[in-house]
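Work through the exercises below with the coordinates open. Each task is followed by a solution in steps.

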Amino acid sequence: MTSQSANPVSSDITFAVSRNPATDEFIANYAYQTTEEVEALLEQNAAAFRLWRATPLRERVTAYRRLSQILRERTDLLAGLITAEMGKTFSAARAEVEKCAATLDWIADNGPSVLADEPVSVDNGDQVYVSYLPVGSILAVMPWNFPLWQVIRASGPIMLSGNGFILKHAPNVMGSAYALQDAYESAGFPAGLFTNLVTDNDTVARVIEDDRVAAVTLTGSMRAGSAVAAIAGRALKKSLLELGGSDAFIVLADADIDQAVRAAVEARFQNAGQVCLAAKRFILEAPIAEAFTQKFIAAVSQLKVGDPMDPQTRVGPMARKDLRDELHHQVERTLEAGATLLLGGHKLEGSGNFYAPTVLGNVVPGMAAFDEETFGPVAAITVADNAEHAIELANTSDYGLGGNLWTADIQRGQRMARRLETGGVFINGFSATNARIPVGGVKKSGYGRELSHFGLREFTNAQAVWAKELD
């Protein structure tokens, strides 16, 4: 299903194109599948699903443990693919592979108890229980910023319950997509159960409507999520959406400023700022705003930008030139609206899609860097009059994925967390994901939950069974 050529064919819309964002070098073209190939893919996936759902859960768990081991054995190969295709630093890419393997371990250890039949006590003495059963083949439309992790956090919970998985990955990370497919098959999963769909948006729409597809999950933009949800809704199919975020990083006057600054730098500039669940708007209570800002600028100015294979590099390239151009346009519009440029604010010359780590001051609602998701190495600083104002500013957003809150009083932080309109809140830390904790958003950040017991049951049929003894 892949087609690689010696020369780039970036203008040909029948190919998914992969380029190295650090060097502009062409990697590969991946031919779009024909109508006949897509039909065969769907049929094979449906057959594999029927086989997989009949496979005892203990055998599925064994396959998960083999998959975890295979990922660890192939760490450098997989990390190299991630770095080459989307520019993540090699050390971060290796950490991504390990996170995938650790999550599969957790699913194998805990999934059986989460998916076990759940007895229910009723007054009349009937035997009642709830079974968590597979629903079919799930189409997953996934982004490029975590080429393995985004897929594993979706496919891991989805497939353990017995579902099939059809991956429509981002065009620029198809090497990673096929490496994952090979890992699943090497681990003993039925051929075609985890499979890659390489095609255009029109075909994706037809696949969602196909009776062999039970549901769809998407991580991506609001526009993509709206389109997918509309198609799924017309077909009366479930959808799960994770549509990005513009997380607030609130620092109150009683916070430890030095710790908050260290966390803020990592929170904003990891993965070159290309993270959905990440701090983007830094809302500072007035008494500490100046001190925090100066320390933050000093720390950001020390970040090494460059070759993602260099162990000293902290900020690699952005994944694509068009994304860098869009980010720069957001910076320019924010400055035109009255914000202050405190650091950076420009593209870096030379090959690759590098953008200078940027800090914007005096950012307020109505400016691009406050209202929109800035998916790159740009931090927006806003000053709040007090803690109440900080909460108000944090909630002044279409997004509701995550939030960060720094304070010396944890109980106060927990009370304030309940007022933040987000799917997650991190007190004296920064946004992160963990197999044990659900992840997802509210408002225009989407709906549904991945990971934890919520994710394991998200795409299951909670079937109630009543058994009555005959007289």
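**Exercise 1: two alanines**

Ala28 has a relative accessible area of 1% and is therefore buried. The model is a predicted one.

Task: State which element holds Ala28, and decide whether Ala205 is buried or exposed.

Solution.
1. Ala28 belongs to strand S2, residues 26-31.
2. Between the C-alpha atoms of Ala28 and Asn404 there are 39 Å, with these positions 376 residues apart along the chain counted as sequence distance.
3. Ala205 sits in helix H7.
4. The cut-off for buried is under 20% relative accessible area. Ala205 has 18% relative accessibility, so Ala205 counts as buried.
5. From Ala205 to Ile70 the C-alpha to C-alpha distance is 33 Å, and the two are 135 residues apart in sequence.

**Exercise 2: the surroundings of H7**

Task: List which residues of helix H7 are buried, and name what they pack against.

Solution.
1. Helix H7 covers residues 201-209.
2. Its buried residues are Thr203, Val204, Ala205, Val207 and Ile208.
3. These buried residues pack against two helices by name, H1 (35-53) and H8 (222-234).
4. They also pack against strands S5 (137-141), S6 (164-168) and S8 (213-219).

**Exercise 3: strand order and pairing**

Task: Give the order of the six strands in the open sheet, and find which strands lie at the edges.

Solution.
1. The order is S7-S6-S5-S8-S9-S17, with mixed pairing.
2. S7 (194-196) and S17 (446-447) are the edge strands, as each pairs on one side only.
3. At the S7 edge, S6 and S7 run parallel and are joined by three bridges.
4. Within this part of the sheet, Ile166 is opposite Thr195 of S7.

**Exercise 4: a β-α-β unit**

Task: Determine how many bridges join S15 to S16, and state the handedness of the unit they make with H14.

Solution.
1. S15 (residues 402-406) and S16 (residues 424-427) run parallel, joined by four bridges.
2. Gly402 has Gly424 in S16 as its bridge partner.
3. With helix H14 (residues 410-417), the strands S15 and S16 form a β-α-β unit that is right-handed.

**Exercise 5: positive phi**

Task: Locate Asn271 and Leu451 and give the backbone phi of Asn271 and of Leu451.

Solution.
1. Most residues other than glycine have a negative phi.
2. Asn271 is not a glycine, yet its phi is positive at about 55°. Its place is the loop between helix H9 (257-269) and strand S11 (279-285).
3. Asn271 has a relative accessible area of 12% and is buried.
4. Leu451, also not a glycine, has a positive phi of about 70°. The loop between S17 and helix H15 (452-458) holds Leu451.
5. Leu451 is buried at 1% relative accessibility.

**Exercise 6: the whole chain**

Task: Say how many helices and strands the protein has, and why it counts as compact.

Solution.
1. There are 15 helices and 18 strands.
2. The radius of gyration is 23 Å, close to the 23 Å from the globule rule for 471 residues, so the protein is as compact as a globular protein of that length.
3. Of the 471 residues, 56% count as buried.
4. Among contacts with a separation of 6 or more, 70% involve residues 24 or more positions apart.
5. UniProt, in an unreviewed entry, assigns "domain: Aldehyde dehydrogenase" to residues 18-465. Over residues 18-465 the chain is 43% helix and 20% strand.

Note on methods
Residues are numbered from 1 along each chain as its sequence is written. This is a predicted model: local features need pLDDT of at least 70, side-chain atom pairs count only at pLDDT 80 or more; totals for chains, interfaces and linings use all residues. Side-chain values use heavy atoms; hydrogens and water are left out. Buried means under 20% relative accessible area, exposed over 50%, partly exposed in between (1.4 Å probe, protein chains only). Contact means heavy atoms within 4.5 Å. Two strands pair if DSSP finds at least two bridges between them. A crossover is right-handed if, with the strands pointing away from the viewer, the path from the first strand over the helix to the second runs clockwise. UniProt positions are given in the numbering used here, feature names are shortened, and annotations may be inferred rather than shown by experiment. The radius of gyration is taken over C-alpha atoms; the globule rule is 2.2 Å times the number of residues to the power 0.38.
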